[in-house]
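The following exercises invite the reader to study a protein model and its ligand step by step. Each task is followed by a worked solution.

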Amino acid sequence: MARIYLSAPHMGDLEATYVKEAFDTNWLSSVGPNLDAFEAALEELVGAPTCALTSGTAAMHLGLRAMGVGPGDIVLCPSLTFVASVNPALYLGARPVFLDSERRSWNLDPNVLEDALRALAERGQRPAALVVVHLYGQSADLDAILPLAERFGVPVLEDAAEALGTLHRGRQVGALADVGALSFNGNKIITTTGGGAITSRDRSVIDRARFWSTQARDPGVAYEHSELGYNYRMSNVLAGIGRGQLSVLSERVKQRRRIAFAYRDAFADLDGLELMPQADWGLHTNWLSVFSVDEARLGVSRDALIAALAREDIEARPAWKPMHLQPLFADAERFGGSVAEEVFANGICLPSSSFLTDADLDRVTGTVRAAVEGGARA
Ligand SMILES: *Cc1c(COP(=O)(O)O)cnc(C)c1O
């Protein structure tokens, strides 16, 4: 039987056509019609100007730079996320300060944010930026978070890398704050094999990002440079994949949600195995189907489940390891309690690729049930 991966690419019918067009017309660099069309389609989706880049991490880097983040600055960030939410702050010499999550969405807790903003203000410190992450395809509580950030004068970067197709009050996330970052990495809900985009309602941010992403070459034919640049621009070939993938995004959202709810239904009678919260303010794509394991009630540990699945050649992973537990950030300050740690201790990500068949899902749920029944007997 074939291995079942956690989250694998799923192409539609058009991607190869757009890529072939790029070859046929020799648009094989970082300019061309696929890039223009991909950015136009992205702009339509998020409702704001965009610039396609080599990765979501690059988008975060350019976004924080556009927001003026520099050496010694504080950047607030949820602890429960993937390291790419934080590394760009380090690229700029800034200092991350980590905030705990809330139970009802697993995303940044607005109350912890308020405590942190107050405590820092009392010390005369104003963070240069707040990174808000929409984790696993669910939007953070922007209604509470954005007004707080505004009250304390802190610009907000939305890390929407896991949130293509995710809605907050009916609107696609990514351009609901000052700057946003999208990812088309191979494991995301849609992919260009690797890629990302920066979004902002402020067109000057996007213009600067595009300039920096192509080595910051000053206007004119000479190779003159007044500013530091990067080689971050997406290629026209990969943008062709992106065009095709965007046209199937809504289908991919339905497929990912179907998988999460199929698992939930299959586990309905198991006490202690629960789908992550689905907050009522948005549409959760369930990019990854994440469950929390209550070992005492289920009778089997999260890690035993991962091991049982691995024996059947099924890939499952723990939830993200919080940033404040990472050796890289051992010295970082943090605010809040233990929600991120609990999610990490108990969370399991099950296979979530949008092409999984009913037979695949049966294989996963059957393995989990067998492990639970075996654990209960042991
Ligand atoms: C994937 C991811 C990123 C980075 O995107 P890349 O395109 O892989 O660089 C950033 N933040 C989060 C939360 C992610 O999951």
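The exercises below concern a predicted model and treat the ligand, the sheets and the largest pocket in turn.

**Exercise 1. The surroundings of the ligand**

Determine how many residues surround the ligand, which classes they belong to, and which polar atoms lie by its oxygen atoms.

*Solution.*
Step 1. The ligand is surrounded by 15 residues, and the closest are Gly56, Thr57, Glu162, Ser183 and Lys188.
Step 2. Sorted by class, this shell holds four nonpolar, eight polar and three charged residues.
Step 3. The cut-off for a polar contact is a pair of N or O atoms within 3.5 Å. In serine 183, a polar side-chain atom lies 2.7 Å from an oxygen atom of the ligand. For lysine 188, a side-chain N or O atom is 3.4 Å from a ligand oxygen atom. Glycine 195 takes part through its backbone, with an N or O atom 3.4 Å from an oxygen atom of the ligand.
Step 4. The ligand taken alone exposes 380 Å², of which the protein buries 94%.

**Exercise 2. The sheet of eight strands**

State the strand order of the eight-stranded sheet, identify its edge strands, and examine the pairing of β8 with β9.

*Solution.*
Step 1. The sheet is open, its pairing is mixed, and its order is β1-β9-β8-β5-β4-β2-β3-β14.
Step 2. β1 (50–53) and β14 (334–335) are the edge strands, as each pairs on one side only.
Step 3. β8 (residues 179–183) pairs with β9 (residues 196–199) in the antiparallel sense over four bridges. Within this pairing, glycine 180 has threonine 199 in β9 as its bridge partner.

**Exercise 3. The sheet of three strands**

Describe the order and the pairing of the three-stranded sheet.

*Solution.*
Step 1. This open sheet has the order β7-β6-β11, and its pairing is antiparallel.
Step 2. Its edge strands are β7 (171–172) and β11 (282–283).
Step 3. Two bridges join β6 (residues 167–168) to β7. Leucine 167 has glutamine 172 in β7 as its bridge partner.

**Exercise 4. The largest pocket**

Characterise the largest pocket by its volume and its lining.

*Solution.*
Step 1. The largest pocket contains about 290 Å³ of space.
Step 2. Its lining has 16 residues, and those closest to the centre are Arg103, Trp106, Ser292, Glu342 and Asn346.
Step 3. β10 (273–275), β12 (289–293) and α12 (339–346) each give two or more residues to this lining. The most come from α12, which gives four residues.
Step 4. The lining comprises seven nonpolar, four polar and five charged residues.

Terms used: Residues numbered from 1 in each chain as written. Predicted model: local features only at pLDDT ≥ 70, side-chain atom pairs only at ≥ 80, totals over all residues. Heavy atoms only, no water. Near = heavy atom within 4 Å. Polar contact = N/O pair within 3.5 Å; in protein donor to acceptor, adjacent residues only side chain to side chain. Areas by Shrake-Rupley, 256 points an atom, 1.4 Å probe, with all protein chains shown as cover. Nonpolar A, V, L, I, M, F, W, Y, C, P; charged D, E, K, R; others polar. Pairing = 2+ DSSP bridges. 1 Å grid on protein atoms, 1.4 Å probe; cavity = no way out; pocket = protein on both sides within 12 Å on 5 of 7 lines; lining within 4 Å. Points joined across faces, edges and corners; volume = space filled by probe spheres on them.
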